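User: Please take a close look at the nonpolar packing in this model, and then at the backbone and ring geometry around it. Give the cut-offs as you go.

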Amino acid sequence: MTSHRPAAVIIMAAGQGTRMKSATPKVLHTLGGRSLVGHAVAAARVLEPEHLVVVVGTGRELVEAHLAEIDSAVRTAVQEQQLGTGDAVRSGLTAVPDITGAVVVTSGDVPLLQAATLQELVAEHEARGNAVTVLTARVPDPTGYGRIIPGEDGSVAGIVEHKDATPEQRQIDEINAGIYVFDAATLRDGLTRITTDNAQGELYLTDVLAIARGDGKRVGAYVTDDAMQTEGVNDRVQLAALRAEMNRRTLERLMRAGVTVVDPNTTWVDDTVELEADVTLLPNTQLHGATTAAAGAVIGPDTTLTDVQIGANATVIRTHGSGATIGAHASVGPFAYLRPGTALGESGKIGTFVETKNATIGAGAKVPHLTYAGDATIGDGANIGAGTIFANYDGVTKAHTTVGKHSFVGSDSVLVAPRVIGDGAYVAAGSTVTDDVKPGEIAVARGRQRNIAGWVARRRAGTKTAKAAAEAIEKESRP
């Protein structure tokens, strides 16, 4: 638990995001396994605030529904009109009107911002006894950002927005990141006194700092040495750039923790993925969501997994999967498709051109080639021959098939659900099984073979086939 627990965190997420040119609200666009606002909420939660408020506006119904999914304890407040950052925070305070203590204000479109940076910002605020503390950064090109006007005592004398800055002020390279810690009373009082007397005709939150300074209160800054954490998303170009940067940081963190990434340029791993040391990621691999991998697992190349759990020393090659579990020492692929509900046991195998769905495959069991296994339980040590179909759907309902342990299903078989193939049973190749098979039995469900002599000569006379057959018959008849 942090020793600098704020009374509230207010996340500004009401902007229209017109430059995204999207029907999706800007803060719901995703990178690194979370939405933009999801990253802001995750970072804020580490502070353990008494209250967490997200200010919503454009697309509020979609944003509120998303927040309910990712963090049901989040409160929302509505900014009815886009009247600036001061108005947004004033709207946020309506959800927590009587709080005292520190109030952190951050943005829903700054996805690289780390919880540790917020913790350091709050700690600096308390250590200095500031009324307001602003997160700042030094950047080579500050165009478009508010500039930090330094005070003689090392404090912040003010913040001037780029459009309102003089030519001299525009030369300042320390910029406002738009992330603050306020004393709650200072914030409430300042918001009642700000005006729209500026180039944008908006209520600037930064004016609260000037008011606090004018009242003799200390306004300080915490300068981060990682300016990328302050970068926001305004269009899809910036979204792509920050997505790439987040992925680079994620891969670097994983590699320093012992994960081998053969080709970082073609490997994408969400920030939400957890990999143990000695996992190896081969080129063109994507890992998303709640995917995990234990030590020794080898994933890729050409693999995309979402919410998949991979056991120690398992291998997953050229596979697309979601919502699946892969046991230790198991092997999957190449060209396998694991759909939700797939559970592969220890040392089991799902092979080439196999599709599984809602299928439990036991330890040591094998589904090696060209099979669809849907709504199935396959026992330990069982072997499913190439081309087998678990026919689980009759056009109205789906049904389940169980294949017992150490049973053998021959190639090109169809198991018409619901069926039970007992332990230690066999199904002959090419069978269509419509009745249960008891333990130790062999099921043969196919027509008896008939060979009709002379058929080619009679029905395909004059063809190359007929000529080849005639030559072979003549050759066999020679002494």
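Analyst: The answer starts with the nonpolar cores and then turns to a helix, a surface patch, the aromatic rings and the backbone. The model is predicted, so local features need pLDDT of at least 70 and side-chain atom pairs count only at pLDDT 80 or more, while totals for chains, interfaces and linings use all residues. Residues are numbered from 1 along each chain as its sequence is written, and side-chain values use heavy atoms, with hydrogens and water left out.

The largest nonpolar core (a set of buried Ala, Val, Leu, Ile, Met, Phe, Trp, Tyr and Cys residues joined through side-chain atoms within 4.5 Å) has 46 residues. Buried means under 20% relative accessible area, exposed over 50%, and partly exposed in between, with a 1.4 Å probe and protein chains only. L275, L281, I310 and I326 have the most contacts inside this core. At least two core residues come from each of helix 7 (236-256), strand 25 (336-338), strand 28 (355-361) and strand 30 (372-378). Of the core residues, strand 30 gives the most, with three. Helices (H or I, at least four residues) and strands (E, at least two) are DSSP runs, numbered from the N terminus.

Leaving out residues up to four places away in sequence, I326 touches V308, Q309, I310, G311, A314, V316, V332, L338 and L344; contact means heavy atoms within 4.5 Å. Apart from the largest core lies another, of 35 residues, and V55, V132, F182 and V208 are among them. In soluble globular proteins, nonpolar side chains tend to be buried together.

Helix 1 (residues 36-46) is largely enclosed by the rest of the structure, because eight of its eleven residues are buried. The buried residues are L36, V37, G38, H39, A40, V41, A43 and A44. Helix 1 is followed by E48, which has a positive phi near 55°.

At the surface, F408, Y426, I442 and V444 make a nonpolar patch of about 390 Å². Patches are made of residues with over 30% relative accessible area and no salt bridge; like charges are joined within 9 Å, and nonpolar side chains (Val, Leu, Ile, Met, Phe, Trp, Tyr) within 5 Å. A salt bridge here is a side-chain nitrogen of Lys or Arg within 4 Å of a carboxyl oxygen of Asp or Glu. F408, in strand 34 (residues 408-409), is partly exposed at a relative accessible area of 33%.

Three aromatic pairs are found in the whole structure. Rings of Phe, Tyr and Trp (its six-membered ring) pair if their centres lie within 6.5 Å; planes under 30 degrees apart count as stacked, over 60 as edge-to-face and the rest as tilted. F335 and F353 form a stacked pair, 5.2 Å centre to centre with 10° between the planes. F335 lies in the loop between strand 24 (331-332) and strand 25, and F353 in the loop between strand 27 (349-352) and strand 28, so the pair ties together parts 18 residues apart in sequence. F335 is partly exposed, at 44% relative accessible area.

The backbone has cis peptide bonds from G300 to P301, with omega near 5°, and from A417 to P418, with omega near 0°. P301 is in the loop between strand 18 (298-299) and strand 19 (303-306). P418 lies in the loop between strand 35 (414-416) and strand 36 (419-421).

N358 is not a glycine, yet has a positive phi of about 50°. N358 is in strand 28 and is partly exposed at 37% relative accessible area.

Technical notes. Accessible areas come from the Shrake-Rupley method with a 1.4 Å probe; for residues, only the protein chains shown count as cover.
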